[in-house]
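Subject: Structure for you to look at

Hello,

The structure we spoke about is below. Please look it over before you read my notes on it.

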Amino acid sequence: MIDFEFHQANDLDHAFALLADYGDDARLMSGGTALVLQMKQRFSQPGHVIGLRRIAGLGSIEETSEGSVRIGALCTQRQVENHPLVSERIPLVAGAYRHVATPRIRNMATVGGGLAHGDPNQDPPPSLIALGASVVLSSASGGERVVPAEELFVDYFETDVRPGEIVTGLVVPPAPDGAGTAYLKFLPRTADDYATVSVAAVVTPDEAGNCGDIRVVLGSVGLTPIRATAAEDSLRGQPLTDETIGAAAAMVQDAVDPLEDHRGSTEYKREMAEVFTRRAVRQAMTNAGMM
Amino acid sequence: MPQLMNLKVNGEDREVEAPARRLLVDLLRYDLGLTGTKEGCSVGVCGACTVLVDGEMVASCITLAAAVEGSEITTIEGLAQDGRLHPVQQAFIDYGGFQCGICTPGQVMAAKALLDDYAQPTEEEIRDWMMGNLCRCTGYYKILESVVAAMSPAASQEGGQAR
(Lines give C-alpha, C1' and ligand atoms only; values in the text may rest on other atoms or scores of the structure.)
Protein backbone atom coordinates (compact mmCIF):
# COMPACT_ATOMS: atom_id res chain seq x y z
CA MET A 1 0.00 0.00 0.00
CA ILE A 2 1.27 3.48 -0.85
CA ASP A 3 1.54 5.54 2.33
CA PHE A 4 -0.88 8.33 3.05
CA GLU A 5 -1.99 10.53 5.91
CA PHE A 6 -4.91 9.35 8.00
CA HIS A 7 -7.35 11.84 9.48
CA GLN A 8 -10.05 10.72 11.89
CA ALA A 9 -13.04 13.04 11.48
CA ASN A 10 -14.62 13.96 14.82
CA ASP A 11 -17.91 15.06 13.31
CA LEU A 12 -19.47 15.85 9.93
CA ASP A 13 -18.22 19.45 9.91
CA HIS A 14 -14.69 18.22 10.50
CA ALA A 15 -15.06 15.72 7.66
CA PHE A 16 -16.30 18.45 5.29
CA ALA A 17 -13.37 20.68 6.31
CA LEU A 18 -10.89 17.85 5.63
CA LEU A 19 -12.58 17.17 2.28
CA ALA A 20 -12.27 20.88 1.41
CA ASP A 21 -8.58 20.86 2.40
CA TYR A 22 -7.51 17.78 0.47
CA GLY A 23 -10.05 17.63 -2.37
CA ASP A 24 -9.30 15.04 -5.03
CA ASP A 25 -6.36 13.67 -3.06
CA ALA A 26 -8.66 12.45 -0.26
CA ARG A 27 -10.83 9.37 0.04
CA LEU A 28 -13.49 8.80 2.68
CA MET A 29 -13.40 5.57 4.65
CA SER A 30 -15.94 4.05 7.00
CA GLY A 31 -15.67 0.25 7.30
CA GLY A 32 -12.76 0.15 4.88
CA THR A 33 -13.62 -3.26 3.42
CA ALA A 34 -13.64 -1.88 -0.12
CA LEU A 35 -11.17 1.01 0.05
CA VAL A 36 -8.38 -0.89 1.84
CA LEU A 37 -8.55 -3.61 -0.82
CA GLN A 38 -8.43 -1.02 -3.59
CA MET A 39 -5.46 0.63 -1.92
CA LYS A 40 -3.66 -2.68 -1.46
CA GLN A 41 -4.09 -3.31 -5.18
CA ARG A 42 -3.10 0.31 -5.90
CA PHE A 43 -6.29 0.94 -7.80
CA SER A 44 -6.70 3.81 -5.39
CA GLN A 45 -3.73 5.85 -4.16
CA PRO A 46 -5.06 8.72 -2.07
CA GLY A 47 -2.65 11.02 -0.26
CA HIS A 48 -5.19 11.42 2.52
CA VAL A 49 -7.75 9.05 4.00
CA ILE A 50 -10.54 10.56 6.07
CA GLY A 51 -11.98 8.16 8.63
CA LEU A 52 -15.70 8.54 9.29
CA ARG A 53 -16.23 5.89 11.99
CA ARG A 54 -16.18 8.30 14.92
CA ILE A 55 -18.88 10.62 13.57
CA ALA A 56 -21.85 10.46 15.91
CA GLY A 57 -25.48 10.54 14.78
CA LEU A 58 -25.21 8.47 11.60
CA GLY A 59 -25.65 5.06 13.16
CA SER A 60 -29.37 4.80 13.84
CA ILE A 61 -32.32 3.16 12.10
CA GLU A 62 -35.68 4.90 12.48
CA GLU A 63 -39.14 5.09 10.99
CA THR A 64 -39.94 8.36 9.20
CA SER A 65 -43.28 10.16 9.49
CA GLU A 66 -44.17 8.76 6.02
CA GLY A 67 -43.64 5.20 7.21
CA SER A 68 -40.31 4.70 5.45
CA VAL A 69 -37.21 3.39 7.18
CA ARG A 70 -34.30 5.81 7.47
CA ILE A 71 -30.93 4.11 7.88
CA GLY A 72 -27.88 6.11 8.99
CA ALA A 73 -24.93 5.82 6.62
CA LEU A 74 -22.60 4.52 9.31
CA CYS A 75 -24.84 1.60 10.28
CA THR A 76 -22.98 -1.59 9.57
CA GLN A 77 -24.59 -3.91 7.06
CA ARG A 78 -25.04 -6.43 9.86
CA GLN A 79 -26.95 -3.91 11.96
CA VAL A 80 -29.34 -3.49 9.04
CA GLU A 81 -29.95 -7.20 8.49
CA ASN A 82 -30.64 -7.72 12.21
CA HIS A 83 -32.72 -4.64 12.97
CA PRO A 84 -36.36 -5.44 13.85
CA LEU A 85 -37.70 -2.38 12.02
CA VAL A 86 -35.91 -3.43 8.83
CA SER A 87 -37.10 -7.06 9.11
CA GLU A 88 -40.66 -5.92 9.74
CA ARG A 89 -41.05 -2.98 7.33
CA ILE A 90 -38.60 -3.82 4.53
CA PRO A 91 -37.77 -7.54 4.78
CA LEU A 92 -36.49 -7.50 1.19
CA VAL A 93 -33.69 -5.17 2.32
CA ALA A 94 -32.85 -7.24 5.42
CA GLY A 95 -32.51 -10.29 3.17
CA ALA A 96 -30.40 -8.47 0.59
CA TYR A 97 -27.89 -7.28 3.19
CA ARG A 98 -27.77 -10.80 4.67
CA HIS A 99 -26.50 -12.01 1.28
CA VAL A 100 -23.39 -9.80 1.44
CA ALA A 101 -20.14 -11.77 1.86
CA THR A 102 -19.74 -13.09 5.43
CA PRO A 103 -20.86 -11.91 8.89
CA ARG A 104 -17.35 -10.55 9.51
CA ILE A 105 -17.46 -8.33 6.42
CA ARG A 106 -21.02 -7.20 7.24
CA ASN A 107 -19.76 -6.26 10.71
CA MET A 108 -17.29 -3.87 9.14
CA ALA A 109 -18.89 -2.63 5.91
CA THR A 110 -21.34 0.24 6.28
CA VAL A 111 -24.48 1.13 4.36
CA GLY A 112 -23.12 4.48 3.19
CA GLY A 113 -19.76 3.03 2.23
CA GLY A 114 -21.41 0.36 0.12
CA LEU A 115 -23.51 2.91 -1.72
CA ALA A 116 -20.60 5.26 -2.37
CA HIS A 117 -18.44 2.35 -3.56
CA GLY A 118 -20.70 1.93 -6.59
CA ASP A 119 -19.74 -1.67 -7.29
CA PRO A 120 -22.41 -3.12 -9.63
CA ASN A 121 -21.91 -6.58 -8.13
CA GLN A 122 -23.18 -5.64 -4.68
CA ASP A 123 -26.30 -7.27 -3.26
CA PRO A 124 -28.32 -4.40 -1.77
CA PRO A 125 -28.75 -1.95 -4.71
CA PRO A 126 -31.24 -3.97 -6.82
CA SER A 127 -33.61 -4.30 -3.84
CA LEU A 128 -33.15 -0.64 -2.87
CA ILE A 129 -33.92 0.49 -6.43
CA ALA A 130 -36.90 -1.89 -6.70
CA LEU A 131 -38.42 -0.35 -3.57
CA GLY A 132 -37.76 3.22 -4.72
CA ALA A 133 -35.24 4.05 -1.99
CA SER A 134 -33.45 7.42 -1.82
CA VAL A 135 -29.92 8.27 -0.79
CA VAL A 136 -29.23 11.35 1.34
CA LEU A 137 -26.06 13.25 0.39
CA SER A 138 -24.90 15.98 2.75
CA SER A 139 -22.49 18.81 2.08
CA ALA A 140 -20.90 21.61 4.12
CA SER A 141 -23.09 24.22 5.83
CA GLY A 142 -26.07 21.90 6.15
CA GLY A 143 -26.55 21.32 2.43
CA GLU A 144 -28.52 18.19 1.59
CA ARG A 145 -29.41 16.50 -1.69
CA VAL A 146 -31.68 13.50 -1.98
CA VAL A 147 -31.02 11.22 -4.95
CA PRO A 148 -33.16 8.23 -5.92
CA ALA A 149 -31.07 5.05 -5.54
CA GLU A 150 -31.95 4.37 -9.18
CA GLU A 151 -30.02 7.47 -10.25
CA LEU A 152 -27.08 7.12 -7.84
CA PHE A 153 -25.14 4.58 -9.87
CA VAL A 154 -23.99 6.27 -13.07
CA ASP A 155 -21.16 4.05 -14.33
CA TYR A 156 -18.74 1.30 -13.30
CA PHE A 157 -17.74 2.13 -9.71
CA GLU A 158 -18.98 5.66 -10.38
CA THR A 159 -21.79 7.34 -8.49
CA ASP A 160 -23.57 10.66 -8.48
CA VAL A 161 -21.90 11.59 -5.17
CA ARG A 162 -20.30 14.95 -6.01
CA PRO A 163 -17.06 16.42 -4.68
CA GLY A 164 -17.61 17.69 -1.15
CA GLU A 165 -20.62 15.42 -0.55
CA ILE A 166 -20.88 12.59 1.97
CA VAL A 167 -23.52 9.86 1.96
CA THR A 168 -25.30 10.33 5.29
CA GLY A 169 -28.45 8.28 4.99
CA LEU A 170 -30.67 5.90 3.10
CA VAL A 171 -34.46 6.17 3.10
CA VAL A 172 -36.37 3.07 2.07
CA PRO A 173 -40.14 2.99 1.67
CA PRO A 174 -41.88 -0.30 2.35
CA ALA A 175 -43.30 -2.24 -0.60
CA PRO A 176 -46.86 -1.21 -1.55
CA ASP A 177 -49.74 -2.87 0.35
CA GLY A 178 -50.38 -6.34 -0.99
CA ALA A 179 -47.09 -6.50 -2.88
CA GLY A 180 -44.78 -9.50 -2.86
CA THR A 181 -41.03 -9.11 -2.99
CA ALA A 182 -38.09 -11.36 -3.80
CA TYR A 183 -34.33 -11.16 -4.12
CA LEU A 184 -32.58 -14.05 -5.80
CA LYS A 185 -28.81 -14.38 -5.97
CA PHE A 186 -27.29 -16.91 -8.35
CA LEU A 187 -24.18 -18.27 -6.65
CA PRO A 188 -22.63 -21.18 -8.51
CA ARG A 189 -19.28 -20.86 -6.68
CA THR A 190 -19.05 -20.12 -2.95
CA ALA A 191 -21.65 -18.77 -0.56
CA ASP A 192 -19.67 -15.60 0.18
CA ASP A 193 -19.08 -14.68 -3.46
CA TYR A 194 -20.54 -11.84 -5.46
CA ALA A 195 -23.54 -12.88 -7.51
CA THR A 196 -23.14 -14.21 -11.02
CA VAL A 197 -26.57 -12.66 -11.56
CA SER A 198 -28.93 -11.20 -8.98
CA VAL A 199 -32.54 -10.08 -9.38
CA ALA A 200 -34.86 -8.12 -7.10
CA ALA A 201 -38.57 -8.11 -7.93
CA VAL A 202 -41.53 -6.31 -6.40
CA VAL A 203 -44.94 -7.37 -7.73
CA THR A 204 -48.17 -5.60 -6.74
CA PRO A 205 -51.41 -7.26 -7.85
CA ASP A 206 -54.40 -5.15 -8.91
CA GLU A 207 -57.99 -5.88 -7.87
CA ALA A 208 -58.48 -8.34 -10.72
CA GLY A 209 -55.39 -10.29 -9.65
CA ASN A 210 -53.40 -9.06 -12.64
CA CYS A 211 -50.09 -7.25 -12.44
CA GLY A 212 -50.89 -3.81 -11.05
CA ASP A 213 -47.28 -2.73 -10.79
CA ILE A 214 -43.93 -4.44 -11.04
CA ARG A 215 -40.29 -3.54 -10.51
CA VAL A 216 -37.47 -5.78 -11.68
CA VAL A 217 -33.86 -4.74 -11.03
CA LEU A 218 -30.77 -6.79 -11.79
CA GLY A 219 -27.28 -6.76 -10.29
CA SER A 220 -23.91 -8.08 -11.56
CA VAL A 221 -24.99 -7.90 -15.20
CA GLY A 222 -23.65 -4.54 -16.32
CA LEU A 223 -21.72 -1.45 -15.32
CA THR A 224 -24.46 -0.44 -12.86
CA PRO A 225 -27.53 -2.14 -11.38
CA ILE A 226 -30.04 -2.37 -14.25
CA ARG A 227 -33.77 -1.82 -14.06
CA ALA A 228 -35.61 -3.99 -16.59
CA THR A 229 -38.07 -1.31 -17.68
CA ALA A 230 -39.18 -2.94 -20.96
CA ALA A 231 -39.98 -6.17 -19.14
CA GLU A 232 -41.87 -4.24 -16.46
CA ASP A 233 -43.88 -2.30 -19.08
CA SER A 234 -44.84 -5.50 -20.86
CA LEU A 235 -46.33 -6.94 -17.67
CA ARG A 236 -48.05 -3.92 -16.12
CA GLY A 237 -51.84 -4.38 -16.32
CA GLN A 238 -51.46 -7.88 -17.74
CA PRO A 239 -52.31 -11.25 -16.27
CA LEU A 240 -49.17 -12.93 -14.92
CA THR A 241 -48.97 -16.26 -16.70
CA ASP A 242 -46.10 -18.51 -17.70
CA GLU A 243 -46.36 -16.96 -21.19
CA THR A 244 -46.35 -13.29 -20.17
CA ILE A 245 -43.64 -13.78 -17.54
CA GLY A 246 -41.54 -15.83 -19.95
CA ALA A 247 -41.81 -13.21 -22.69
CA ALA A 248 -40.93 -10.41 -20.26
CA ALA A 249 -37.97 -12.32 -18.86
CA ALA A 250 -36.68 -12.90 -22.41
CA MET A 251 -36.62 -9.11 -22.90
CA VAL A 252 -34.18 -8.83 -20.00
CA GLN A 253 -31.50 -10.38 -22.19
CA ASP A 254 -31.47 -7.14 -24.21
CA ALA A 255 -31.45 -4.93 -21.14
CA VAL A 256 -28.35 -6.39 -19.54
CA ASP A 257 -24.73 -5.99 -20.62
CA PRO A 258 -22.71 -8.41 -18.49
CA LEU A 259 -18.94 -8.33 -18.18
CA GLU A 260 -17.23 -11.66 -18.73
CA ASP A 261 -15.29 -12.89 -15.70
CA HIS A 262 -14.57 -16.06 -13.73
CA ARG A 263 -18.24 -16.18 -12.72
CA GLY A 264 -19.35 -16.70 -16.28
CA SER A 265 -19.22 -15.53 -19.88
CA THR A 266 -21.28 -12.64 -21.15
CA GLU A 267 -23.61 -15.07 -22.96
CA TYR A 268 -24.06 -17.27 -19.91
CA LYS A 269 -24.87 -14.36 -17.62
CA ARG A 270 -27.32 -13.02 -20.20
CA GLU A 271 -29.19 -16.33 -20.19
CA MET A 272 -29.07 -16.59 -16.42
CA ALA A 273 -30.48 -13.06 -16.20
CA GLU A 274 -33.56 -14.32 -18.08
CA VAL A 275 -33.85 -17.47 -15.96
CA PHE A 276 -33.48 -15.65 -12.65
CA THR A 277 -35.85 -12.87 -13.66
CA ARG A 278 -38.52 -15.51 -14.30
CA ARG A 279 -37.85 -17.13 -10.95
CA ALA A 280 -37.74 -13.84 -9.03
CA VAL A 281 -41.06 -12.68 -10.47
CA ARG A 282 -42.66 -16.02 -9.58
CA GLN A 283 -41.19 -15.88 -6.08
CA ALA A 284 -42.51 -12.35 -5.58
CA MET A 285 -45.97 -13.51 -6.81
CA THR A 286 -45.88 -16.40 -4.34
CA ASN A 287 -44.97 -14.00 -1.56
CA ALA A 288 -47.88 -11.77 -2.61
CA GLY A 289 -50.23 -14.76 -2.38
CA MET A 290 -50.87 -14.71 -6.15
CA MET A 291 -49.79 -18.31 -6.74
CA MET B 1 4.20 9.27 7.69
CA PRO B 2 4.60 7.67 11.15
CA GLN B 3 2.00 8.56 13.72
CA LEU B 4 1.40 7.58 17.32
CA MET B 5 -1.44 5.14 17.77
CA ASN B 6 -2.99 4.24 21.10
CA LEU B 7 -4.93 1.02 21.41
CA LYS B 8 -6.05 -1.18 24.24
CA VAL B 9 -4.91 -4.69 23.34
CA ASN B 10 -6.10 -7.57 25.51
CA GLY B 11 -6.78 -5.13 28.33
CA GLU B 12 -3.40 -3.39 28.17
CA ASP B 13 -2.84 0.15 26.91
CA ARG B 14 -0.34 0.09 24.07
CA GLU B 15 1.25 2.96 22.19
CA VAL B 16 2.75 2.27 18.79
CA GLU B 17 4.46 4.54 16.31
CA ALA B 18 3.61 3.34 12.83
CA PRO B 19 2.78 4.68 9.38
CA ALA B 20 -0.90 5.26 8.57
CA ARG B 21 -0.84 2.36 6.14
CA ARG B 22 -0.11 -0.13 8.96
CA LEU B 23 -2.74 -2.86 8.93
CA LEU B 24 -4.09 -4.05 12.24
CA VAL B 25 -2.78 -7.58 11.62
CA ASP B 26 0.74 -6.24 11.03
CA LEU B 27 0.60 -3.96 14.04
CA LEU B 28 -0.38 -6.90 16.22
CA ARG B 29 2.19 -9.29 14.79
CA TYR B 30 5.18 -7.09 14.08
CA ASP B 31 4.86 -4.05 16.34
CA LEU B 32 3.44 -5.87 19.35
CA GLY B 33 4.79 -9.38 18.75
CA LEU B 34 1.36 -10.97 19.11
CA THR B 35 1.87 -13.61 16.45
CA GLY B 36 -1.13 -15.70 17.47
CA THR B 37 -3.19 -13.80 14.89
CA LYS B 38 -2.43 -15.27 11.45
CA GLU B 39 -2.67 -13.73 8.01
CA GLY B 40 -4.13 -15.98 5.33
CA CYS B 41 -5.67 -14.49 2.23
CA SER B 42 -4.93 -10.78 2.90
CA VAL B 43 -8.25 -9.82 1.29
CA GLY B 44 -10.79 -10.39 4.07
CA VAL B 45 -12.10 -13.70 2.80
CA CYS B 46 -10.49 -16.52 4.82
CA GLY B 47 -11.01 -15.43 8.44
CA ALA B 48 -7.53 -16.43 9.71
CA CYS B 49 -6.84 -12.87 10.90
CA THR B 50 -10.08 -12.51 12.88
CA VAL B 51 -9.80 -10.35 16.00
CA LEU B 52 -12.38 -8.45 18.00
CA VAL B 53 -12.55 -4.66 17.85
CA ASP B 54 -14.75 -3.33 20.65
CA GLY B 55 -16.26 -6.81 20.84
CA GLU B 56 -17.12 -7.10 17.13
CA MET B 57 -15.22 -9.53 14.93
CA VAL B 58 -13.29 -7.96 12.09
CA ALA B 59 -10.76 -9.04 9.48
CA SER B 60 -7.54 -7.44 10.75
CA CYS B 61 -5.87 -7.85 7.34
CA ILE B 62 -8.14 -5.21 5.80
CA THR B 63 -8.42 -2.96 8.85
CA LEU B 64 -6.15 0.06 9.16
CA ALA B 65 -4.75 0.24 12.67
CA ALA B 66 -5.14 4.02 12.53
CA ALA B 67 -8.84 3.64 11.82
CA VAL B 68 -9.47 1.71 15.04
CA GLU B 69 -7.25 3.84 17.25
CA GLY B 70 -8.69 4.14 20.75
CA SER B 71 -10.57 0.85 20.38
CA GLU B 72 -10.31 -2.23 22.51
CA ILE B 73 -8.72 -5.09 20.57
CA THR B 74 -9.01 -8.70 21.67
CA THR B 75 -6.72 -11.30 20.09
CA ILE B 76 -6.31 -15.02 20.66
CA GLU B 77 -3.65 -14.19 23.27
CA GLY B 78 -6.27 -12.37 25.31
CA LEU B 79 -8.72 -15.24 25.78
CA ALA B 80 -7.10 -17.39 28.46
CA GLN B 81 -7.46 -15.92 31.96
CA ASP B 82 -5.04 -16.77 34.79
CA GLY B 83 -3.68 -19.75 32.91
CA ARG B 84 -7.15 -21.16 32.31
CA LEU B 85 -8.22 -21.56 28.70
CA HIS B 86 -11.37 -19.91 27.42
CA PRO B 87 -14.22 -22.46 27.04
CA VAL B 88 -14.01 -22.11 23.25
CA GLN B 89 -10.27 -22.89 23.29
CA GLN B 90 -10.84 -25.84 25.59
CA ALA B 91 -13.63 -27.17 23.40
CA PHE B 92 -11.40 -26.98 20.29
CA ILE B 93 -8.83 -29.11 22.14
CA ASP B 94 -11.37 -31.55 23.57
CA TYR B 95 -13.20 -32.04 20.28
CA GLY B 96 -10.24 -31.94 17.89
CA GLY B 97 -11.35 -28.69 16.26
CA PHE B 98 -8.06 -28.22 14.44
CA GLN B 99 -5.51 -30.08 12.37
CA CYS B 100 -2.61 -27.98 11.06
CA GLY B 101 -3.73 -25.09 13.26
CA ILE B 102 -3.12 -22.08 11.01
CA CYS B 103 -6.82 -21.18 10.84
CA THR B 104 -7.45 -21.99 14.51
CA PRO B 105 -6.92 -18.56 16.12
CA GLY B 106 -9.39 -17.11 13.63
CA GLN B 107 -11.85 -19.96 14.14
CA VAL B 108 -11.68 -19.56 17.92
CA MET B 109 -12.12 -15.77 17.77
CA ALA B 110 -15.06 -16.09 15.38
CA ALA B 111 -16.67 -18.73 17.61
CA LYS B 112 -16.17 -16.53 20.67
CA ALA B 113 -17.78 -13.58 18.87
CA LEU B 114 -20.71 -15.81 17.92
CA LEU B 115 -21.26 -17.06 21.46
CA ASP B 116 -20.92 -13.53 22.86
CA ASP B 117 -23.79 -12.45 20.58
CA TYR B 118 -25.99 -15.55 20.65
CA ALA B 119 -26.10 -17.69 23.79
CA GLN B 120 -27.57 -20.73 22.05
CA PRO B 121 -27.15 -20.53 18.27
CA THR B 122 -28.68 -23.28 16.17
CA GLU B 123 -26.42 -25.49 14.11
CA GLU B 124 -27.51 -23.57 11.01
CA GLU B 125 -26.63 -20.27 12.66
CA ILE B 126 -23.20 -21.63 13.61
CA ARG B 127 -22.58 -22.81 10.05
CA ASP B 128 -23.72 -19.49 8.62
CA TRP B 129 -21.56 -17.51 11.04
CA MET B 130 -18.44 -19.64 10.60
CA MET B 131 -18.83 -19.73 6.79
CA GLY B 132 -16.17 -17.05 6.41
CA ASN B 133 -13.52 -19.00 8.33
CA LEU B 134 -11.83 -21.34 5.90
CA CYS B 135 -9.93 -24.48 6.91
CA ARG B 136 -7.61 -25.88 4.26
CA CYS B 137 -7.50 -29.17 6.20
CA THR B 138 -11.31 -29.15 5.80
CA GLY B 139 -11.87 -30.10 9.44
CA TYR B 140 -15.25 -28.45 9.45
CA TYR B 141 -17.24 -31.15 11.27
CA LYS B 142 -14.86 -31.06 14.22
CA ILE B 143 -14.93 -27.28 14.26
CA LEU B 144 -18.73 -27.38 14.35
CA GLU B 145 -18.67 -29.94 17.16
CA SER B 146 -16.22 -27.78 19.09
CA VAL B 147 -18.44 -24.71 18.83
CA VAL B 148 -21.50 -26.71 19.87
CA ALA B 149 -19.57 -28.08 22.84
CA ALA B 150 -18.32 -24.64 23.85
CA MET B 151 -21.84 -23.27 24.15
CA SER B 152 -23.09 -25.86 26.62
CA PRO B 153 -22.56 -24.68 30.20
CA ALA B 154 -21.43 -28.18 31.18
CA ALA B 155 -18.60 -28.10 28.68
CA SER B 156 -17.35 -24.76 29.90
CA GLN B 157 -17.51 -25.88 33.54
CA GLU B 158 -15.56 -28.98 32.65
CA GLY B 159 -13.03 -26.84 30.80
CA GLY B 160 -9.59 -28.29 31.34
CA GLN B 161 -10.71 -31.92 31.52
CA ALA B 162 -9.71 -33.91 28.50
CA ARG B 163 -12.35 -36.08 26.96
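The domain bounds used here come from an automatic or database domain assignment. On that basis, chain B is divided into domain 1, residues 2-78, and domain 2, residues 87-162. The C-alpha centres of domain 1 of chain B and domain 2 of chain B lie 22 Å apart. The two parts do touch: 12 residues of domain 1 of chain B are in contact with 14 residues of domain 2 of chain B. Please keep in mind that this is a predicted model.

Chain B as a whole

Chain B has 6 helices and 5 strands. Read from the N terminus, its elements follow the order β-β-α-β-β-β-α-α-α-α-α. A box of roughly 50 × 30 × 25 Å, taken along the principal axes, is filled by the C-alpha atoms of chain B. What radius of gyration does chain B have, and what would a compact globule of 163 residues have? Chain B has 16 Å, and the globule would be near 15 Å, which agrees.

Of the 163 residues in chain B, 52% are buried. Among the contacts in chain B with a separation of 6 or more, 55% are made by residues 24 or more positions apart. The accessible surface of chain B is about 7600 Å², and carbon and sulfur atoms hold 48% of that surface.

Helix α3 of chain B

Helix α3 of chain B covers residues 104-117. Its 14 residues should span 20 Å at 1.5 Å a residue, and the end C-alpha atoms are 20 Å apart, so the expected and modelled spans agree. Is α3(B) mostly covered or mostly open? It is mostly covered, since 12 of its 14 residues are buried. The buried residues of α3(B) include B:Thr104, B:Pro105 and B:Gly106. B:Lys112 is also one of the buried residues in this helix, as are B:Leu114 and B:Leu115.

Chain A as a whole

Chain A contains 12 helices and 14 strands. Its radius of gyration is 19 Å, close to the 19 Å that the globule rule gives for 291 residues, so chain A is as compact as a globular protein of that length. The C-alpha trace of chain A spans about 60 × 45 × 30 Å along its principal axes.

Buried residues come to 54% of the 291 residues of chain A. For contacts in chain A with a separation of 6 or more, residues 24 or more positions apart account for 61%. Chain A has an accessible surface of about 11800 Å², with 47% of it belonging to carbon and sulfur atoms.

Helix α11 of chain A

Helix α11 of chain A, residues 242-255, has 14 residues. From its first C-alpha to its last it reaches 20 Å, close to the 20 Å expected at 1.5 Å a residue. Which residues of α11(A) are buried? They are A:Ile245, A:Gly246, A:Ala248, A:Ala249 and A:Val252. These residues sit on the same side of α11(A), because they cover an arc of only 165° around the axis.

What do the buried residues of α11(A) pack against? Their partners in chain A are β13 (211-219), α10 (229-235) and α12 (266-287). The face of α11(A) turned away from the buried side carries the exposed residues A:Glu243 and A:Asp254.

Regards

Terms used. Residues numbered from 1 in each chain as written. Chains lettered and ligands numbered in written order. Predicted model: local features only at pLDDT ≥ 70, side-chain atom pairs only at ≥ 80, totals over all residues. Heavy atoms only, no water. Helix = DSSP H or I, 4+ residues; strand = E, 2+ residues; numbered from the N terminus. Expected span 1.5 Å × (residues − 1). Buried < 20%, exposed > 50% of the residue type's maximum accessible area, 1.4 Å probe, protein only. Arc of directions from axis to C-beta. Contact = heavy atoms within 4.5 Å. Rg over C-alpha atoms; globule rule 2.2 N^0.38 Å. Areas by Shrake-Rupley, 256 points an atom, 1.4 Å probe, with all protein chains shown as cover.
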